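Hi,

Here is the structure I promised to send over. Have a look at it first, and then read on for what turned up when I went through it.

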Amino acid sequence: MMIPILDLKAQYKSIEDEIHAAIERVVASQQFILGPEVEALEEEVAAYSHCRYGIGVSSGTDALLVSLMAIGLQPGDEVITTPYTFFATAGSIARLGGRPVFVDIDACTYNIDPAAIEAAITPRTKAIMPVHLFGQMADMDPIMDIAGRHGLYVIEDAAQAIGAEYKGRRAGSIGHLGCFSFFPSKNLGGFGDGGMVVTNDPELADRVKLLRGHGARPKYYHKMVGGNFRLDALQAAVLRVKLKYLDSWTSGRQRNAASYRRLFADAGLTIDPPSCMTAGCQAHKKDTCVLPPGKVMLPVEAPERRHIYNQFIIRVAQRDRVIESLKAHRIGHEIYYPVPLHLQECFAYLGHRPGDLPASECAAAETLALPIYPELTDAMLARVVEAVTEGVQEVDRSYQDV
């Protein structure tokens with residue numbers, strides 16, 4: 001039996017009747033863009049995220065884009081962010097003529113390193129865009145302190161982190177704006193593209209709402225040049241059903257993460273992150289893994305965080321051999337992300353070279369996502385660990401042969 005990286009069919013079967021009723025409600029209303037379903041979802045997601053306002057938009061990418069437009073990003077303005085993330089983070093900056101300024105990540109959590117931010121600030125810096133990667137929030141207190149001292153906006157890219165917490169505060173509620181994605185693979189995923197911007201600032205909320213509809217208020221009278229960033233009512237209706245189950249699904253992911261930790265420990269594969277990361281990433285060279293063979297580094301949960309496990313990320317030496325073992329066992333997996341953004345071809349004009357941001361480059365070379373969705377059984381989790389174990393042992397033997 002194949003174990004996919006994500007099984008949306010299993011989730012759908014558990015709520016099929018409710019989904020059909022929600023879709024039929026929208027079809028009967030014949031109101032497909034914005035409207036009551038979207039307004040209700042906006043209120044519910046805002047409340048869930050401890051925010052006063054929610055503005056539904058057409059995708060997570062557009063949530064980032066319209067947020068940057070709302071803070072008045074101009075060509076040449078700089079936004080400090082991480083290179084170890086999905087392309088939309090930096091792509092939205094570049095689309096508006098802004099300049100992404102990449103700083104390195106914390107080698108254990110994969111989130112932006114606050115200690116690297118301040119040195120990157122220039123007179124052109126407009127904002128900081130931390131990413132709450134894989135379902136765990138970045139270290140927001142020092143980020144907000146830096147932003148406050150320099151008069152900068154903070155836009156939280158929380159596309160993978162709805163419901164994640166930092167010291168009791170929800171993702172999206174700490175910065176000036178927070179951005180969610182409802183892409184189907186997310187913990188709260190729709191039946192297509194969708195996203196939302198959340199904020200506690202009434203002026204920013206009003207600006208985002210204006211910009212998502214071509215800047216028109218009233219209709220056909222345009223105050224600003226915006227875009228078509230509106231959320232479909234069908235997506236909102238589906239998401240409203242799913243939102244009711246989000247916390248229980250998150251608990252399932254957390255339970256599976258705990259099972260993985262136990263199973264990997266029983267297999268004798270786990271390694272303490274600081275012992276292999278502190279010096280390792282600084283010494284990283286292309287095609288040379290710094291992790292000890294025969295070991296697996298598991299996700300690190302930082303103190304005072306609620307990790308929602310959008311992904312379960314391990315690090316291994318000679319990742320390709322582990323992938324071959326997973327393929328042989330018909331187990332889904334994914335690499336998030338194989339090339340950090342500062343080394344992408346489209347950002348060559350920024351002038352980065354391999355070795356500039358070693359922690360990000362190490363992560364890109366060594367990380368691997370395993371299935372974590374809540375419908376996994378204990379037997380399925382055991383099969384995943386068995387397959388990883390075989391691959392890691394093969395790596396260990398190859399080192400011994402040398």
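Which residue follows α4, and what is the sign of its phi? The residue is G97, and its phi is positive, near 85°.

Before the rest, a word on what you're looking at: this is a predicted model. The average pLDDT for the chain is 93, and 94% of the residues score at least 70. The stretch to be wary of is residues 278-289, where the pLDDT is below 50. Beyond near neighbours in sequence, that stretch has 18 contacts in the model.

Back to α4, then. This helix covers residues 88-95 and is mostly covered, with 6 of its 8 residues buried. Those buried residues are A88, T89, A90, G91, S92 and I93. As for what lies over them, the list includes one helix, α3 (60-70), along with the strands β2 (78-81), β3 (99-102), β4 (125-129) and β5 (153-157).

One residue in α4 that I'd point you to is T89. Its relative accessible area is 1%, and since the cut-off for buried is under 20%, T89 counts as buried. The T89 side chain makes a polar contact of 2.7 Å with the side chain of D157. Setting aside neighbours within four places in sequence, T89 also touches L64, T81, M129 and V131, as well as D157 itself.

The other thing I looked at is how α7 (residues 233-243) packs against two other helices.

Start with α2 (residues 36-48). Its axis is 8 Å from that of α7, and the two helices pack at an angle of about 40°. That angle is over 35 and under 65 degrees, so α2 and α7 are oblique to each other. The crossing of α2 past α7 is left-handed. On the α2 side the contact is made by E37, V38, A40, L41, E44, V45 and Y48, and on the α7 side by A233, A236, A237, L239, R240 and L243.

Then there is α1 (residues 8-29). The axes of α1 and α7 come within 9 Å and cross at roughly 140°, and this pair is therefore oblique too. Here, though, α1 passes α7 in a right-handed crossing. From α1, the residues involved are Q11, I15, E18, I19, A22, I23, R25 and V26. They meet A233, L234, A237, V238, R240, V241 and K242 in α7.

If you're wondering about the spacing in those lists, an α-helix has 3.6 residues a turn, so residues three or four places apart point the same way.

Cheers

Technical notes:
Residues numbered from 1 in each chain as written. Predicted model: local features only at pLDDT ≥ 70, side-chain atom pairs only at ≥ 80, totals over all residues. Heavy atoms only, no water. pLDDT = per-residue confidence, 0-100. Contact = heavy atoms within 4.5 Å. Buried < 20%, exposed > 50% of the residue type's maximum accessible area, 1.4 Å probe, protein only. Helix = DSSP H or I, 4+ residues; strand = E, 2+ residues; numbered from the N terminus. Polar contact = N/O pair within 3.5 Å; in protein donor to acceptor, adjacent residues only side chain to side chain. Axes fitted to C-alpha atoms, helices over the stretch in contact; angles between N-to-C directions. Parallel < 35°, antiparallel > 145°, perpendicular 65-115°, else oblique. Left-handed = near helix turned anticlockwise from the far one by under 90°.
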